[in-house]
Amino acid sequence: MYGLEMKVSMIKRIGLIVSLCLTALLISSCSDSGTESGVEAGLAKEQVPPSEASIPNAGNGVYSRSAMCVTSFSKNGVNAGRYIDLKLHKVMAKCDSVNRYYAYWGYTQSTATLSQWMKSWCTSQHGSTTTIIDADEQQCSSGSGTYNVAAVGYVNKYGDLLAAYNANSGGQSKSAWGKTHYCNFGRNEGRTFTGLSASSCGSTTTTATTTSSAKSCYGDYVRKYPDLLAAYNALGGGQNINVWGKNHYNNYGQSEGRSACTTWPSGDYSYLCAYNECRSFSNRTRRWRSSSVNIISTHSTYYNGLRGSWPVNFNLGSSGGITIEQGYGNWCGAALPLRYSDGTIRGCRIKINYLHDYLNCGVLKATVIHEVGHCIGFFGHTADGGLMDAKANNATGANATTRNMISLLYSLPPGTDIGSRLRGYSRISGHKYSRTNPQKLPPKWYYTAIKD
Ligand SMILES: [Zn+2]
């Protein structure tokens, strides 16, 4: 037991270290002014150094290959994500004598060339032999299924597919999952990837599971999405539409943000739409993917009163979500939510006037809660005398109406089309919803004015 516990604690610690301090080696291979040119270091002239996973004191045999496959790498100090999600033409290797892990990804060179670069790197930098851990996921794939490099690239190409695979792989390798998705759905949804075509799919397509009966609402689900209906008509093979729809929803649709057999939560959808600005987004909602949102600030006084202020969970002191900084302008506070065309909010900047306490701004924590409200999806300003009015009242917390709106928002997946729940089904022009190719929408600051 001792050994197991130690391993678990080490893995946790490593996770922390990896997420906190991954550094990439930044040596310009093109520089001809320095003395440390690639050629002098024993590297091929065109070779660039690989990115390194910082895992100090790695013990022999502690890290299985599968664990390394999901280790994150960073480039130029920016976290590039887990190795298995990085772009193809990639190689991960270990320089044996120093137990250091390196990766190349997204290169135009072949994996054979990249493997050769790795060997040159380990030799020149560490005088070490090299263990190639993976080349283009040939080794990092797991589960059954014939390996298909194009199918892996296909999944990596589409953000929604990658998210769907990561959420529920059904125990399949990315390769097998990607091929099944492409053949059963993707090719009829207009998705493409070099190397994948009808001939990749053979004469019959497989379905992940079969159920003898399914509720008719799954048929409604298929008919609701034109791409699904087209896929079913072309590839359903005479299968009952409810069964086909249920399989699609459970295996893919749910993770893709689609909805089936919806029982709408009760609530005021018109109010939600008004203050989530759904009319300018094809009647769809915008929210953080998770109802647990990170908040970080250099000034911990801004955290006062945040916990419990809105019906979502805040991880105070954690980065990667909302940031609160000081600023100056003709406002008490300002918020800049970072919205994407798939209905997600992926970041938010808050500025609190550094003269806040000397201006007519009211209680500091009320201003912070107000701005956080903008960050989590309350985009407008009310006129009910409460916290979310444009001129902060002396309210110290969000009122029931605004809290209910946020509760309703987070009970629906990001990008939910609530048009059918609205009175007066008309939508004004605005930003287009895109589930498969999410783009950052033009940013917009929300201000809380200084009171006259
Ligand atoms: Zn405001």
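Begin with the whole protein chain in view: among contacts between residues at least 6 apart in sequence, 69% join residues at least 24 apart. The model is predicted. Its protein chain comprises 452 residues, of which 37% count as buried, and it has 12 helices and 13 strands.

**First stop: helix α8**

Select residues 226–235, which form helix α8, and display the side chains of L228, A231 and Y232; these residues are buried. Viewed down the axis of α8, the buried residues fall within an arc of 100 degrees, so they line one face of the helix. Rotate to the face turned away from that buried side, where P226 and N233 are exposed.

Which helices do the buried residues of α8 pack against? Add residues 217–224 and 241–253 to the selection: these are α7 and α9, and the buried residues of α8 pack against both. Before leaving this region, select G237, which follows α8 and has a positive phi, near 60 degrees.

**Second stop: an open sheet**

Proceed to the open sheet of 4 strands, whose order is β1-β5-β4-β6 and whose pairing is antiparallel. Select residues 51–53 and 130–135 to mark the edge strands, β1 and β6, each of which pairs on one side only. From one strand to the next, the twist averages 30 degrees.

**Third stop: the β4 and β6 pairing**

Within this sheet, select β4, residues 91–95, together with β6; the two strands run antiparallel and are joined by 5 bridges. Which residue of β6 is the bridge partner of A93? Centre the view on I132, the partner of A93 in β6.

Key
Residues are numbered from 1 along each chain as its sequence is written. This is a predicted model: local features need pLDDT of at least 70, side-chain atom pairs count only at pLDDT 80 or more; totals for chains, interfaces and linings use all residues. A residue is buried if 20 or more other C-beta atoms lie within 10 Å of its own, exposed if 12 or fewer, and partly exposed in between; C-beta atoms are placed from the backbone. Two residues are in contact if their C-beta atoms, placed from the backbone, lie within 7 Å. The arc is that of the directions from the helix axis to the C-beta atoms. Two strands pair if DSSP finds at least two bridges between them. Axes are lines fitted to C-alpha atoms, for helices over the stretch in contact, and angles run from 0 to 180 degrees between N-to-C directions.
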